[in-house]
Protein chains: 4
Amino acid sequence: MRRKTEPTRKATFIEEHRRRQLIDTAIETIANEGLHQASLSAIAGRAGVTKGVISYYFKSKHELVERVMADILADIRGFISERVAGSPTPSLKLKNYVSAFFDYAMVNRDRYAAFVELWTVIAWGSNKNPFGSVSYVQCRNYIDTILREGQKKGDFPQLDLNQLSTLIQGMVDGVIIQWLLDPELVNIDVCKKKVLETLDIYLSLSGACLK
Amino acid sequence: MRRKTEPTRKATFIEEHRRRQLIDTAIETIANEGLHQASLSAIAGRAGVTKGVISYYFKSKHELVERVMADILADIRGFISERVAGSPTPSLKLKNYVSAFFDYAMVNRDRYAAFVELWTVIAWGSNKNPFGSVSYVQCRNYIDTILREGQKKGDFPQLDLNQLSTLIQGMVDGVIIQWLLDPELVNIDVCKKKVLETLDIYLSLSGACLK
Amino acid sequence: MRRKTEPTRKATFIEEHRRRQLIDTAIETIANEGLHQASLSAIAGRAGVTKGVISYYFKSKHELVERVMADILADIRGFISERVAGSPTPSLKLKNYVSAFFDYAMVNRDRYAAFVELWTVIAWGSNKNPFGSVSYVQCRNYIDTILREGQKKGDFPQLDLNQLSTLIQGMVDGVIIQWLLDPELVNIDVCKKKVLETLDIYLSLSGACLK
Amino acid sequence: MRRKTEPTRKATFIEEHRRRQLIDTAIETIANEGLHQASLSAIAGRAGVTKGVISYYFKSKHELVERVMADILADIRGFISERVAGSPTPSLKLKNYVSAFFDYAMVNRDRYAAFVELWTVIAWGSNKNPFGSVSYVQCRNYIDTILREGQKKGDFPQLDLNQLSTLIQGMVDGVIIQWLLDPELVNIDVCKKKVLETLDIYLSLSGACLK
DNA sequence: GATGAATGAGCATTCATTCAT
DNA sequence: CATGAATGAATGCTCATTCAT
């Protein structure tokens, strides 16, 4: 946080760079040592700076964690949006959404692990559940939008959309979490394939079954 | 606390009663305030006693948490086993396993929430993942056993079992977690029904799709 | 401490017996586990009773320790007095005093170790040095009395008594403490013999040297 | 505290200064209030800082006490070595060793008192006797070396060296401890003189008596 | 008499936070 | 900008003490 000197463009640039570095280090620390061990000194130590630096750039630990959360969320969102946006049909969009989720987790294991660590701390500070629910709501809405688009276009004629997004998001997360906890026993590639196949079934289904 | 003299019936009863109460209060605290906030004084405060009482009945906080975990695990396991054991066919067993999971979470919201809080804090103490993975492994093994039994009997002729248990467990947990975070938006009953339908599809499928 | 019932002879007898047992166990605990570890529960555990019993017989831990100290002191005093009293000449009295000190320590290692542990805790409670100094003063006075008696009788004609008791007591304790800390390396028998020889030298000396 | 970056001269200076101050205050506290009362807050209070400062400079209380012990030991050793090293003959070396011990105690009353407090608490932590015995062994070995050197040179022709070091060290400590407990009644100067005279007697003795 | 139960003060320790330099 | 220094609240834990039964 700038204090008394007037902000120049350069300073802001350096500042932003430092903030990025600290956020990244925080993520790294949370992912590798767990949220519980991720004290300010642990993060600072990993970043090669002193604790004071973190306090200088973030007014509290709470704020740092908020930024970490926001950063990861934006990252995931960007990654997925890009993949989905380039897809021609709702059906492909949905499959790419799911696909992208798995790919993101596989490529950014640390970030995803930190993400899971963080949102499970349901009540951070005083207000309940400041992150967890929000992000899930966004995810489901995202899926719902795709699904509704598909239904409007007539691609998924008789599909019952109610809570379907919860189901899809649940499959993705439920599998990825198991993989995070147990990368040796859980074959994430096979799981991803199977989730996509399930999706195929849903989408190709006559309304009879999954109504 | 008790020492080496043989316990009288009354003393043991009171002692066990207190232990139960404290474990329950700990679960309540973890579920509602998060593991991080669940300090000994927070738990003691909720229980209406001083924190010394907790130290009196449990030799460390670690032990209390271990008991909480063991208690919930045994509870879930018992609940599900009973439901599965009474099922005549592998197919029903599987559906009842899933069904029971949902029912347990719905009836024991706090316990399930505490459970999720606990195993997500992957690194409790020094060694990584003392609880989390273990329980997932057990869940998947449980499902695998049912699936293999069904295949041996010829019920699921061409089903590819590889990682299927991960998928099933993932669906269940992924959905329940969303419901825990957002009970208003997530309709757990509808979700449960849809998961069971998906299961039906899996089991009735010719090997063509979900091989 | 008796409370409301009138004290009967029998009760007093039992009470005294219990007190003895608890004091002995306290000594045992202090000697074997160190004063620091000798908590009320440690002592109670060793005695096979609950903490409450100790509180019943001693109004505080402070009092228990005081009794322990007094008990050991009385014991040592009795042991030594008996040996000294039976000696015909001041010279033999002195040698028997020293001799008895060594013998007491060798026969009652626990008691002596507890004694050393205790008086080193110089400031127990608020008032400084309630035990340590007192006992040393008594020891020196005891020696001084013997020495003066001998001088009066003409046995040690030109001996300078000033601080001699401190020296004698110092030799005895200084050696015994080393033996307590290191029974393998310190040969207490040889040391005792050498201390007695030194005493002989003192007593047979013309005033020229040790004036 | 310092991390891994190379320390600047100033920082190290201030840091070392504080460490010294805290060690000195710890010694003062142990000497005057006893080890048992020397809690971190007691030490911090005496030093005029909050107890957090101690944790900042020493990673645990155990470490602080270890430093205190090492510091005193090194101090005593240095003081005595210097005095002994400058002595031409074994006989003078021995007398200067004893002399230096008294002088050190007299000039550094607190340090010596803390030293006695510390090594008498035989069981610090779990393992028995981490300091006490070690230092006595070193003292005796030191004396033994001087004695053997003298005997080799022919200065102490028929002296029996067995356990003599224990006796000499015992006299010194035994007297000093009494003086620490009772500085008014114990005249340390007279005692020192008498111990040195005893030494003289030992060394000048024909083998007849103290063989 | 004795016990189990409960308390509360005190302990060492961790850690986010503040601040002068 | 960054650091080292210091703080103080909170945590888990121990333990002497009290008390109803």
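**View 1. Lys51(B) reaches a base of DNA strand F.** In this predicted model, a polar side-chain atom of Lys51(B) sits 2.8 Å from a base nitrogen of the strand. That makes a polar contact, meaning a pair of N or O atoms within 3.5 Å. Here's the small print: residues count from 1 along each chain as its sequence is written, chains are lettered from A and ligands numbered from 1 in the order written. Local features need pLDDT of at least 70, side-chain atom pairs count only at pLDDT 80 or more, totals for chains, interfaces and linings use all residues, and side-chain values use heavy atoms, with hydrogens and water left out.

**View 2. Ser39(B) and Lys61(C) meet phosphates of DNA strand F.** For Ser39(B), a side-chain N or O atom is 3.4 Å from a phosphate oxygen. Lys61(C) uses a backbone N or O atom instead, 2.6 Å from a phosphate oxygen.

**View 3. The protein surface around DNA strand F.** There are 37 residues around the strand (a heavy atom within 4 Å), and Thr50(A), Val53(A), Tyr57(A), Lys61(B) and Arg18(D) come nearest. On the DNA side, sugar and phosphate make up 76% of the strand's atoms within 4 Å of the protein. H3(D) chips in the most, with 5 residues; helices here are DSSP runs of H or I, at least four residues, numbered from the N terminus.

**View 4. Helix H5 of chain D.** Residues 90-107 form this 18-residue helix, spanning 25 Å from first C-alpha to last, close to the 26 Å expected at 1.5 Å a residue (1.5 Å times one less than the residue count). Its buried residues (under 20% relative accessible area, 1.4 Å probe, protein chains only) include Leu94(D), Tyr97(D), Phe101(D) and Phe102(D). Lys93(D) and Asp103(D) are buried too.

Key. Helix = DSSP H or I, 4+ residues; strand = E, 2+ residues; numbered from the N terminus. Buried < 20%, exposed > 50% of the residue type's maximum accessible area, 1.4 Å probe, protein only. Polar contact = N/O pair within 3.5 Å; in protein donor to acceptor, adjacent residues only side chain to side chain.
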